[in-house]
Amino acid sequence: MRLSQFHLATVKEVPADAEIASHQLMLRAGMIRRLASGLYTWSPLGLRVLRKVESVVREEMDRAGAIEMLMPTIQPRELWEETGRWAKFGPQLLKIKDRKEQEFCYAPTAEEVITDYARNELNSYKQLPVNFYQIQTKFRDEIRPRFGVMRAREFLMKDAYSFHLTADSLAATYQAMYDAYSRIFTRLGLRFRAVQADTGAIGGNASHEFQVLADSGEDAIAFSDGSDYAANIEKAEALAPDAARPAPGAELRRVDTPSQKTIEEVSAFLKVSPAQCVKTLLVKGRDGLVALCLRGDHELNEIKAGKLAELPDEFALASEEDILAATGTRPGFIGPAGLPGAIPVIVDRSAAMLADFVCGGNQDGTHHTGANWERDARITRIEDLRQVVEGDPSPDGHGTLHLARGIEVGHVFQLGSRYAEALEATVLDDQGKAQVMLMGCYGIGISRIVAAAIEQCHDDAGIVWPESMAPWRIAVCVINPKGNPEIAAAAESLYSELASRGIETVLDDRGLRPGAMFADMELIGVPHRVVVSERGLAAGTLEYRARNEAESRAVTRDELLGLLG
């Protein structure tokens, strides 16, 4: 590729609305251009990178035995009604009508369509297992699109769905997809972790996320320093303390805390550690309010809490009006000691081990000190309710937990029979009896991978692509090609030889000054750069620099070819 014949449009200024490195650098490098909120045009440069990712994904999916197909992006309402998700999916579902007033949605995912396809195409156990995949555009109407293509409304995704007669067959394909994903992200040169995850809105029985490690990541992950255990912080279990709860040693006392409502304010006022306080959250339950009690220095994990039998599908804190009506007390002064008996009290494992603790006094402007479970405050049930923290014991019993930030780029699920049952997708087994198929679901955010890679691989000068994702592997930069025909000829000769060896090469023949030319190559992240100049030509050498190295060095043509393999 000759840059004089390519559209490369870099800019120096950092766009004002770009908050994270990947968004800034993709705009500066000219990889994307904003069309509307959450909608981006991929330039020729950006598309080269996107296609590199897509190629690796396709190769590994094919290697794992998946079969490629293509499904529509526009899906009829009727299918979504069969699974109950037309209303349940929420405002992220972009609903549209055709000229006949028939309703459709722009696909945010494809469970309904693939299951409809399977129920019409598959009729015998002899056709199973089978794993279909596609690489297709998706649309989710994000309430706040941000971070460029990291959280865009339209995005490119690889989604795969497998169909099975038995749980063992599903587990085998799930493992094959897990292994394929590990190969994909390894080949793409990314530092990543596969972590246990909640199944979320997709549903299912088992789930792993693949997280690219980056300080800017939206997700928190927990991993053990003594084993390969790793989980999304929403999923990571917080074990109960080993020690038994101490016996009560203090009497229950009510103290005035006229303006102290938060744990920080109360603990500072009473000169106690937040870890010796209990905070009580009142949430909306199926049959009234429910109290969730945690240690003052811990945070509620809403995903864990949302699975409690007492709570409805949608987790929601109680309003101030609801709290006042049920307790006669305003938020900030609620505690388990003396709470009305109609309110279940579900206590986190760590909070349940406290004795002589501080909690709300259930009277405005007061708190209790010296409170104790069973004696002063009842426990309906003890559960794991909190987020894990740095230094917690690993749930698998090996090592302690550490926290890191990650960007989710892949997710695998064992869906089970949820969608097949809803859509009556069955096959005949070896006895001629109709059996509902089991399903697996495996997604990769292809456009998101591009942004995640930049978050992990960049410096002050620009992008530092892993070689497998770079738009070109090497740039041949020509200094003053119009002023010296010999330089232009030498550059052309090198460019042709590299290309003939199958090395993706771009020839920067635009005639820019060296500083501007080198800045562009660093910004767009080409892994290798070689300069053809008059001085080098006289010395019989080329000036070579790897993108991840600080200095250039002189090499011969043969040495350069040896470096590139």
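Q: How are accessible areas obtained here?
A: Accessible areas come from the Shrake-Rupley method with a 1.4 Å probe, and for residues only the protein chains shown count as cover. The model is predicted: local features need pLDDT of at least 70, side-chain atom pairs count only at pLDDT 80 or more, and totals for chains, interfaces and linings use all residues. Residues are numbered from 1 along each chain as its sequence is written, and side-chain values use heavy atoms, with hydrogens and water left out.

Q: What area does the chain expose?
A: About 25300 Å², of which carbon and sulfur atoms supply 49%.

Q: And what share of the residues is buried?
A: Of the 565 residues in the chain, 51% are buried (under 20% relative accessible area, 1.4 Å probe, protein chains only).

Q: Turning to α1, which helix packs with it, and at what angle?
A: Helix α1 (residues 21-28) packs with helix α11 (residues 446-456) at about 105°, their axes 8 Å apart. That makes α1 roughly perpendicular to α11 (65 to 115 degrees). Axes are lines fitted to C-alpha atoms, for helices over the stretch in contact, and angles run from 0 to 180 degrees between N-to-C directions. Helices are DSSP runs of H or I, at least four residues, and strands are E runs of at least two, numbered from the N terminus.

Q: Which residues meet there?
A: Ala21, Ser22, Leu25 and Met26 of α1 meet Val450, Ala451, Ile454 and Glu455 of α11, with contact meaning heavy atoms within 4.5 Å.

Q: Why is α1 largely enclosed?
A: Seven of its eight residues are buried, so α1 is largely enclosed by the rest of the structure.

Q: What follows just after α1?
A: Glycine 30, with a positive phi of about 75°.

Technical notes. Buried < 20%, exposed > 50% of the residue type's maximum accessible area, 1.4 Å probe, protein only. Parallel < 35°, antiparallel > 145°, perpendicular 65-115°, else oblique.
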